[in-house]
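Colleague: I should like to understand how the terms used for this model are justified. Would you take me through them?

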Amino acid sequence: IEGLLERLVKGEIPFQRRNMILAEGDINGCDRCLALNEITIHRHGATMISIETYVNDNRIATYHGDGLVISTPTGSTAYSLSAGGPIVDPMCRCFILSPLAPHNLTMRPVVVPDSVVIELQLVSRGSEAFISLDNRTFPLSDGAKIRISLAEEQLILATSHNNTFYDTLRNK
C-alpha cells in the first residue's frame, strides 16, 4: 500500500474526486453525518411513513411509503437503482431522490442539482424509523427534521485500471 500511495502522490495513478453528501438535524448518535453513496430514511415494521420534502424551501412532494433514498451520482448504481432511480455518471453534479415503495403511483425519482439544500420532515405515526448513511444506521423520532446538502469533503478514488464508468456499466 505504501508504494501505491507514493505513486498516487507522484501523479502516476489517475484518480477522481467524488462528492459526498451531508445530513444534519435531528439525528441522535451521529456527529459528522457523511455518506458517499446515499442517505436513506426508512421505516421499520409494517407501518407506512411520510416524508415532507423541500428543495431550497420549495415543497416538491410528500413521500408516503417505505422511505426515501437521497443518492449521489456515485451511489446511483446502488440502493437508488434498486428503488427504480436512474443510472447517473459519477462526474455529474446532482442528487437523486428515489422513493421506496411509494404509496402513490405517481411518485417517481427526481434529479436535482447538488447545489440545493434538501429539507425533510418525518411523519412516522408512532412507528419506528431510521436514517442510514451508507452502512451506518441511526434511529429517528417522529417529526425529525433533516437537512441534506453537498459536503465540503470529497473522496479521492484512485483508478489504477483503464476501465471507464461506461466500460464497467456495459460489462455489468
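Modeller: The following exchange deals with a sheet and then with a pocket.

Modeller: This is a predicted model, in which local features need pLDDT of at least 70 and side-chain atom pairs count only at pLDDT 80 or more, while totals for chains, interfaces and linings use all residues. Residues are numbered from 1 along each chain as its sequence is written, and side-chain values use heavy atoms, without hydrogens and water.

Colleague: What makes β7 and β8 a pair?

Modeller: Strands are DSSP runs (E, at least two residues), numbered from the N terminus, and two of them pair if DSSP finds at least two bridges between them. β7 (residues 94–100) and β8 have four bridges, in the antiparallel sense, so they pair. Within this pairing, Ile 96 stands opposite Val 111 in β8.

Colleague: Why are β8 and β11 called edge strands?

Modeller: The open sheet has six strands in the order β8-β7-β6-β3-β10-β11, with antiparallel pairing. β8 (110–113) and β11 (136–140) each pair on one side only, and this makes them the edge strands.

Colleague: What makes a space a pocket?

Modeller: On a 1 Å grid over the protein atoms alone, a pocket is an open set of points with protein on both sides within 12 Å along at least five of seven lines. The largest pocket holds about 400 Å³, a volume being the space filled by probe spheres set on the points, which are joined across faces, edges and corners.

Colleague: Which residues line the largest pocket closest to its centre?

Modeller: Lining residues have an atom within 4 Å of a point. Of the 18 in the largest pocket, the closest to its centre are Arg 18, Pro 90, Thr 164, Phe 165 and Thr 168.

Definitions and conventions. 1 Å grid on protein atoms, 1.4 Å probe; cavity = no way out; pocket = protein on both sides within 12 Å on 5 of 7 lines; lining within 4 Å.
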